[in-house]
Amino acid sequence: MTFNSASFVVQVAALLIVLAALHKPLGIYLARVFEGTASSRPERLFYRLAGIDAGTEQAWSVYLRSVLAFSAVSILAVFVLQRLQGLLPGSGSLPGVDPWIAMNTAISFVTNTNWQTYVPETTVGIFVQMTLLAVQNFLSAAVGIVIVVALIRGIARTRTQRLGNFWVDLARTSFRILLPIAFVAAVVMILGGVVQNFWATDVNNHAAGISQTIPGGPVASQEAIKILGTNGGGYFNANSAHPFENPNALISLFEVFLLLLIPSALPYAFGRMVGDQRQGYTVAAVMGTLWLASISLMGWAVASGQGTATAAAGGLGEGFEQRFGPVPSAIFATSTTLTSTGAVNAAHDSLPPLAGGVAMVNMMLGEVAPGGTGSGLYGLLILSIISVFIAGLMVGRTPEYLGKKIGPTEMKLAAMYILVTPALVLALAGITVLLPDAMANAPATGPHQFSEVLYAFTSASNNNGSAFGGITTSGPYFSVMMGLAMLLGRFLPIVLVLALAGSLARQGKVPASAGTVPTHGPLFGGLLLGVTVILTALSYFPALTLGPLAEGLLK
Amino acid sequence: MNTLTGYLRQAGTAVRFLLFATLVLGVAYHLAVFGAGQLIAPYQANGSIIKDSAGAPAASALIAQTSANDAGAQDPRWFHARPSAVKWDPASSSASNLGPNDPKLLDAVTTNRSAVAAAEGISALDVPAEAVTSSGSGLDPDISPAYARLQIPRVAAAQHLSAGTVISLVNKHTTGGLAAFLGQPSVNVTALNVDLAAAAPSK
């Protein structure tokens with residue numbers, strides 16, 4: 001398989017053009033949904049059934065309590081119902097899911113990670129796929145979005161406790177944003193060849209003279225929200241490499257577009273909600289620059305075709321699908337790890353070592369280019385606050401961000417935010433490599449074995465969900481440790497972001513002065529980009545040298 | 001205590017929210033997509049099932065079929081798909097997940113290379129990469145046009161067909177155009193073999 005550079009450039013350009021064209025109309029629509037107050041008739045019915053008082057707003061601590069209560073209830077429900085699968089309709093002859101796997105999966109889908117320690121084909125039936133996993137695909141994506149909305153309100157509002165109503169925000173995001181786009185996307189996918197039925201079909205394989213059972217299922221509906229919500233948990237084990245999830249290179253490009261769609265429109269909504277569109281453009285420019293740099297690096301690393309086995313095969317091929325080849329796979333691999341998606345259309349474990357390294361670095365950046373639905377933008381807004389602080393140190397002024405003072409409280413929250421994921425990744429991967437029994441689950445040797453473990457904890461802590469599939473994580477040790485990484489990697493940052501939103505909302509607006517560092521334009525964009533890259537490099541460089549860099553550079 | 005009652009009240013709302021959201025997002029949504037699919041594109045929605053000359057379902061055009069018997073030997077009368085980490089069983093799907101420097105992968109690739117060379121009667125140097133490497137899904141129905149061309153003489157001889165007939169069948173199942181530019185030109189082995197079965201004089 002050869003790397004067609006012309007095809008690569010055309011597809012990257014096409015993605016940029018289409019996303020640039022759509023980010024404004026979609027951004028305006030998103031801002032309207034978040035700022036609107038009127039409810040439709042079905043929404044009012046829904047609020048009445050769920051017991052929600054749509055007219056009240058919540059302080060940050062109450063908003064947080066709602067997020068945590070909702071997530072805890074969701075994890076419990078997904079866990080218990082998986083355990084009871086044998087008793088549920090539409091599950092065929094599948095029994096209840098193993099408790100360790102059920103726990104890991106419940107956490108994985110509620111945290112928007114969608115790490116799959118289960119093998120879908122042999123573990124979960126249509127009931128679990130539709131009513132548990134697909135539902136969490138919607139709701140976990142919506143939770144990410146409402147958190148960034150609360151943060152934006154905290155920045156935009158003054159002298160108030162009120163950050164909005166979590167339940168109303170969650171319902172509106174699910175029903176007005178995710179549901180209609182997912183429906184249209186699912187129909188497009190069906191036209192492209194993605195399956196959507198409820199039965200398997202027996203066919204007669206003439207070449208072997210045997211019968212073959214072609215699986216079915218509500219795949220298109222699951223696939224659409226899995227990609228749109230930057231979730232990534234496949235209906236099938238092979239994820240978006242499976243022909244029924246991703247039947248051709250056109251649909252593959254459509255899936256990449258879809259997973260970038262909401263994260264790339266959120267900056268425009270942000271600019272609109274804070275009343276300064278330049279803020280949104282600066283953030284979007286930083287996201288776009290990082291994405292472009294990363295995808296170029298990924299293209300180069302994949303095209304290198306490094307590896308002894310790859311050389312013996314006469315080129316790339318292992319883990320790639322023939323209908324895609326290296327170009328769509330490089331584009332997909334970068335976009336899935338720079339968002340919190342984690343779907344794959346090629347086996348990341350078999351990528352050239354430096355390409356696997358780029359995928360890891362993408363997640364280590366905190367998935368901010370453009371990031372998961374909501375989580376990408378709140379990650380970059382926290383980094384903006386860190387950047388303002390650093391700039392403030394240089395000019396000797398109390399830092400401000402969009403008229404709000406960044407005092408000790410705000411800085412402590414922002415600093416803790418950027419420490420959470422590196423601490424989780426490095427501590428948990430570090431503990432794991434010291435345990436021979438745990439390492440036996442990764443049968444590879446040398447730096448590649450370390451890469452598999454590092455990738456797993458990077459993916460879980462950043463709520464990505466993609467994997468170096470050579471590692472087996474279905475046992476108790478990995479189920480618990482990965483579950484811990486996903487839980488803390490999701491909810492500690494959310495606690496900190498909401499606390500920050502509350503603290504910013506309480507303040508009055510400080511008028512901009514000569515000493516205020518403007519947070520728009522190329523200068524600040526460059527600073528933000530630098531801070532993002534340097535923080536990542538400082539945290540992870542030593543770990544990367546032991547894994548992908550050792551394997552990629554020493555051969 | 002206040003916090004506890006606060007959490008309990010929130011949990012009550014959460015249960016009701018989840019229940020009613022599930023009716024919309026977990027049931028109605030899937031059924032609406034199902035209905036739309038059956039209405040506008042039933043062929044795709046039902047798995048792109050193609051039929052044999054007798055009109056019976058023969059394959060999904062998207063899923064690989066093997067000609068290998070239980071012992072793993074490929075039948076020379078048919079075009080061969082790529083190696084599969086799941087033995088082309090659509091009840092599962094997986095890549096090998098072996099690293100690019102893994103000795104096990106090196107062994108597998110080397111073994112596959114000599115097997116393909118022997119089957120086609122060509123030099124091991126002429127075997128394309130995708131013919132010796134397993135796909136991402138294990139169910140990849142496609143091979144490169146180069147690998148298809150290598151198989152034409154063997155298939156034509158074993159099926160007692162003229163090379164011209166087989167070549168035109170291969171061309172019919174070669175993907176070109178935009179999909180090939182975005183991805184790669186590919187030959188769909190599954191659909192090709194179904195057509196071949198219809199064209200072959202003897203079974």
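What follows is an exchange about chain B of a predicted model and its contact with chain A.

Colleague: Which element gives the largest share of the side of chain B that touches chain A?

Modeller: The contact takes 91 residues from chain B and 94 residues from chain A. On the side of chain B, the elements that give two or more residues include helix H3 (103–120), helix H7 (189–199) and helix H1 (2–40). The largest share is 24 residues, and the element it comes from is H1(B).

Colleague: How many residues on that side of chain B are charged?

Modeller: The side of chain B that touches chain A has 47 nonpolar residues and 36 polar ones. The charged residues there number eight.

Colleague: What separation lies between the centres of domain 1 and domain 2 of chain B?

Modeller: Domain 1 of chain B covers 1–40, and domain 2 covers 41–199. Taken over C-alpha atoms, their centres are separated by 44 Å.

Colleague: Which strands are at the edges of the open sheet in chain B?

Modeller: The sheet has three strands in the order E3-E5-E4, with antiparallel pairing. An edge strand pairs on one side only, and in chain B this applies to E3 and E4 (174–175).

Colleague: Which residue is the bridge partner of B:Ile143?

Modeller: E3(B) and strand E5 (residues 186–188) of chain B run antiparallel and are joined by two bridges. The partner of B:Ile143 lies in E5(B) and is B:Val187.

Colleague: What angle does H7(B) make with E5(B)?

Modeller: H7(B) packs on the sheet, where it touches E3 and E5 of chain B. The directions of H7(B) and E5(B) make an angle of about 45 degrees.

Methods: Residues are numbered from 1 along each chain as its sequence is written. Chains are lettered from A and ligands numbered from 1 in the order in which they are written. This is a predicted model: local features need pLDDT of at least 70, side-chain atom pairs count only at pLDDT 80 or more; totals for chains, interfaces and linings use all residues. Two residues are in contact if their C-beta atoms, placed from the backbone, lie within 7 Å. Helices (H or I, at least four residues) and strands (E, at least two) are DSSP runs, numbered from the N terminus. Ala, Val, Leu, Ile, Met, Phe, Trp, Tyr, Cys and Pro count as nonpolar, Asp, Glu, Lys and Arg as charged, and the others, Gly among them, as polar. Domain bounds come from an automatic or database domain assignment. Two strands pair if DSSP finds at least two bridges between them. Axes are lines fitted to C-alpha atoms, for helices over the stretch in contact, and angles run from 0 to 180 degrees between N-to-C directions.
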